[in-house]
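Visitor: Please show me the model and explain the terms used for its empty spaces and its ligand.

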Amino acid sequence: MNTKYLDLLAQKYDSEEKVVTEIINLEAILNLPKGTEHFVSDLHGEYQAFQHVLRNGSGNVREKIRDLFQDVLFEKEINEFATLVYYPEEKLQLVKNDFGNEEELHQWYTVIIERMIRLISHASSKYTRSKLRKALPSQFVYIIEELLYKANKSTNKEQYYTEIVQQIISLGQADKLITGLAYTTQRLVVDHLHVVGDIYDRGPEPDKIMDTLIHYHSVDIQWGNHDVLWLGAFSGSMVCLANIIRICARYDNLDIIEDVYGINLRPLLNLAERYYGDNPAFRPKAHADKQLTDHEKLQITKIHQAIAMIQFKLEMPIIKRRPYFNMSERLLLEKIDYEKNEITLRGKTYPLENSCFATVNPQQPDQLLEEEQQVMERLLFAVQHSEKLARHMNFLMKKGSLYLKYNGNLLIHGCIPLDEEGNMEKMTIEGKTYSGRDLLDIFERYLRHSFAHPEETNDLATDMVWYLWTGEYSSLFGKREMTTFERYFIKDKKTHKEIKNPYYHLREKEEICRKILAEFELNPDQGHIINGHTPVKEIDGENPVKANGKMIVIDGGFSKAYQSTTGIAGYTLLYNSYGMQLVAHKHFNSKEDVLRDGTDVLSVKRLVDQEVKRKKVRETNIGEELLQEISILNRLREYRYMN
Ligand SMILES: O=P(O)(O)OC[C@H]1O[C@](O)(COP(=O)(O)O)[C@@H](O)[C@@H]1O
Ligand SMILES: [Mn+2]
């Protein structure tokens, strides 16, 4: 090793004691049980439901409370206490309204603070003191450490501790302390969060999810097709941009574009007013908690048509300039007989309904009108100059990737494109052929290139981001084609079907999953594939755990729009030192319901995989890094202090 590097390191470790202390410290960490990983996916803008799952650690908080108090507290008290840990500010407010006098409240504070301290002591038992310290509310670190010390040992300082707690209460700091302790507990029960894709679209608050993730203590993201659509728009892809606006219009979420990200939709509205009227195929989906006036509904319906038609036009030149995308079937506007109002797809002719082709020139259907072009340019400029969107997209890039190998598992939103025989599907891009892991790697390289060059709007990298959204061999889409057009304009439901890549039935087979794990240089005996993307239809008896436990699909549908087809409100996965557990969540109504009734939306936990021996940090990705650090420190010790 370069001695320059060791000299530099010696500035930090400037005595043998310091080196040795650090080695001992790292060795000790290696022997701790592995931290808990928490997997979620397909959040689709459902911030409130996501918050709840995050705050209760998919049931982990309640489990710790139960460990400690199930013999001494009634179920109702356990519920109340759990709710306090999830939503401390709101719960404190409710509790305080119930007390008649100060004294009762003080007594309650005393009891609760003691319980909270015990809970933290329990939840942090597998962490180092230093890690715990970092998780404590900064203004109370010293006090909490004192109290924790008492929770751990019986000492002669009973009086002293009682006095500390009484002082906190009488100085009016109890609420702050309890709130801080609650958040510390939430943080301790989950060590690391994986978001297996699709933060954006359909639901109302993806931006708030992003803000939460930005402030989360430890997280990675595997991009979903919807996330990539937003990244594409920000990176200069007009067709991706048209898609995100279309989806926002369809789900009545245009305020995400306008109010949250500050993008002016006025020019688009003006255009829409000029060319479009009411159209049942383009009316926005109803929101349970949002009432639209007829006028608003009509405006959105018009915008929805305007942007959908722009999208269909914009797809065409890309399909033409990238023949290897193999999408000529999607040159839809060329397949329309505008006189007869019909379309011919794969040799079959269908009548069109709800058509709205006022801006289409049948001779040159891919041409944007001058005003459509201008509107899109203004929108793209606004999107690329939205400070808030820039913050969210940068974070998505920094923490995200197409797939992730983590602690022996493969995390991926969609699929590994396969043929019917289970071979990795090949795609030729610019004369070079890729498959399996190489294909995903080249996709990711294009995406990063496009993001780094937002000024390029028609280059291959930018087109490739759109391919990731909708291309046949995209690992995020995984279907033959996206039938958006057909669903708007053709009645025959057979044309709406999106045929899935063979991956989606082959992944039921253990040998296929083993093959994929091996392709990614993971141990097939130990690894799992963790997927999102396709809602698991529990209603129809579908099992999220497949291929003899090698494959776990955790999209149960946070998305409210899909809950009627899944029958539940999402799966999450926990992976701690004892093994993996799948949690199925019931429908989440609102935080208010939880506060009022103290009920959780969790339902069943299923054991997916049990470790034979409790897994230690040594056997994890982080453990590998620590082992490397130890080896470097040993070398420093020899070089600097032993001769
Ligand atoms: O139900 P919607 O919002 O119209 O979306 C349907 C489209 O969404 C997709 O399912 C992709 O979204 P998901 O990644 O959530 O599955 C497309 O395959 C399909 O065309
Ligand atoms: Mn998806």
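**Cavities, pocket and ligand**

Guide: The second largest cavity holds about 40 Å³ of space. This is a predicted model, in which local features need pLDDT of at least 70 and side-chain atom pairs count only at pLDDT 80 or more, while totals for chains, interfaces and linings use all residues. Residues are numbered from 1 along each chain as its sequence is written, chains are lettered from A and ligands numbered from 1 in the order in which they are written, and side-chain values use heavy atoms, with hydrogens and water left out.

Visitor: What makes a space count as a cavity, and how many of 30 Å³ or more are found in the whole structure?

Guide: On a 1 Å grid over the protein atoms alone, a cavity is a set of points where a 1.4 Å probe fits but cannot get out, and a lining residue has an atom within 4 Å of a point. Two cavities of 30 Å³ or more are found. The largest has a volume of about 120 Å³, a volume being the space filled by probe spheres set on the points, which are joined across faces, edges and corners.

Visitor: Which residues line the second largest cavity?

Guide: Its lining includes Asn-326, Met-327, Arg-330 and Thr-470. By class, this lining has one nonpolar, two polar and five charged residues; Asp, Glu, Lys and Arg count as charged.

Visitor: Which residues lie nearest the centre of the largest cavity?

Guide: Gln-311, Glu-315, Arg-330, Thr-470 and Met-482 do, out of 15 lining residues. Helix 17 (294-321) and helix 21 (460-470) are among the helices that each supply at least two residues of this lining; helices are DSSP runs (H or I, at least four residues), numbered from the N terminus.

Visitor: Why is ligand 1 said to sit in the largest pocket?

Guide: A molecule sits in a pocket if more than half of its atoms lie within 2 Å of its grid points, and ligand 1 sits in the largest pocket, so it meets that condition. A pocket is an open set with protein on both sides within 12 Å along at least five of seven lines. The largest pocket contains about 1200 Å³ of space. Of its 43 lining residues, Arg-202, Lys-479, Arg-487, Glu-498 and Tyr-562 are closest to its centre.

Visitor: Why does the pair between Arg-202 and ligand 1 count as a polar contact?

Guide: A polar contact is a pair of N or O atoms within 3.5 Å. A polar side-chain atom of Arg-202 is 2.8 Å from an oxygen atom of ligand 1, so the pair qualifies. For His-226, a side-chain N or O atom is 2.7 Å from an oxygen atom of ligand 1, so this pair qualifies too.

Definitions and conventions:
Polar contact = N/O pair within 3.5 Å; in protein donor to acceptor, adjacent residues only side chain to side chain.
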